[in-house]
Amino acid sequence: MSDIIRILLVTVLLINFRLVGSNRIFVHIRLVSLQGLLLSVVTVLTHWGRLSFDTLIIAVLNFVVMGVIGPWLLRRAVREANVHEALDPYLGYVASQVVALILVVGSFAFCAKVRFATTAETAELLPYAIA
């Protein structure tokens, strides 16, 4: 796995921590759409040498749906439903961050211990997908 893909996946994980620590709906919508855009780029970069038409279509559709249509529909729904912009976490912000960190570390520990019948490249991506 290349360094660019690792950087993008770590960025997706860091966005998860930002999501856990934020209480604004519109920030959540923007961050989740950014994650969708980054994962579309990761899809293309992961299959770059053997990029098929099907994989490219999936990446482009993910880019359009997660980056353009989804956020637009969610913002519109929030405005029309007259939802309050602030969200309150069930736990406190610090406790939520700690739980998120434990889950991320747990996913990497789980994937390090368990052997999956996948390629080496897929095995490297798996902890990020579980986290």
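Buried means under 20% relative accessible area, exposed over 50%, and partly exposed in between, with a 1.4 Å probe and protein chains only. This tour uses those words at each stop.

The structure is a predicted model: local features need pLDDT of at least 70, side-chain atom pairs count only at pLDDT 80 or more, and totals for chains, interfaces and linings use all residues. Residues are numbered from 1 along each chain as its sequence is written, and side-chain values use heavy atoms, with hydrogens and water left out.

**Whole chain**

Start with the cartoon view. The protein has five helices and zero strands, where helices (H or I, at least four residues) and strands (E, at least two) are DSSP runs numbered from the N terminus. Along the sequence the pattern reads α-α-α-α-α. Taken along the principal axes, the box filled by the C-alpha atoms is roughly 45 × 35 × 20 Å.

Now show the surface. The accessible surface comes to about 8,700 Å², and 70% of that belongs to carbon and sulfur atoms; areas come from the Shrake-Rupley method with a 1.4 Å probe, and for residues only the protein chains shown count as cover. Of the 131 residues, 25% count as buried. A contact means heavy atoms within 4.5 Å. Among contacts between residues at least 6 apart in sequence, 65% join residues at least 24 apart.

**Helix α1: D3, R6 and L19**

Select D3 and R6. Both lie in helix α1 (residues 3-20), three residues apart, which is about one turn of the helix. They form a salt bridge, with the closest N and O atoms 3.7 Å apart; the term stands for a side-chain nitrogen of Lys or Arg within 4 Å of a carboxyl oxygen of Asp or Glu. D3 is exposed at 56% relative accessibility, while R6 is partly exposed at 32%.

Next, select L19, also found in helix α1. Is L19 buried or exposed? L19 counts as buried, at 15% relative accessibility. Leaving out residues up to four places away in sequence, L19 touches H28, L31, V32 and Q35. For L19 and L31, 12 residues apart in sequence, the C-alpha to C-alpha distance is 7.2 Å.

**Helix α3: L56 and the nonpolar patch**

Move to L56 in helix α3 (residues 53-81). L56 counts as partly exposed because its relative accessible area is 34%. Then add W48, L51, V60, F63, V64, V65, V68, I69, W72 and L73: together with L56 they make a nonpolar surface patch of about 990 Å². Patches are made of residues with over 30% relative accessible area and no salt bridge; like charges are joined within 9 Å and nonpolar side chains (Val, Leu, Ile, Met, Phe, Trp, Tyr) within 5 Å.

**Further along α3: R76, V78 and E80**

Select R76 and E80. What joins E80 to R76? A salt bridge does, with the closest N and O atoms 3.2 Å apart. The two residues are four apart in helix α3, so about one helical turn separates them. E80 is exposed at 61% relative accessibility, and R76 is partly exposed with a relative accessible area of 39%. A search of the whole structure finds two salt bridges.

V78 lies in helix α3 and counts as buried, with a relative accessibility of 13%. Not counting residues up to four places away in sequence, V78 touches I25, F26, I29 and V83. To check one of these in the viewer, draw the C-alpha distance from V78 to F26: the two are 52 residues apart along the chain and separated by 8.7 Å.

**Two loops: N82 and R115**

Select N82, in the loop between α3 and α4 (93-113). N82 has a positive phi of about 55° although it is not a glycine. With a relative accessible area of 66%, N82 is exposed.

Go on to R115, in the loop between α4 and α5 (120-130). R115 counts as exposed, at 71% relative accessibility. Add S52: R115 and S52 are 63 residues apart in sequence and 28 Å apart in space, C-alpha to C-alpha.

**Charges**

Finally, colour by charge. How many positive and negative side chains does the protein have? There are 10 positive and 7 negative, and the centres of the two sets lie 4 Å apart. Lys and Arg count as positive and Asp and Glu as negative, while His and the chain ends are not counted. The place of a charge is taken as NZ of Lys, CZ of Arg, CG of Asp or CD of Glu.
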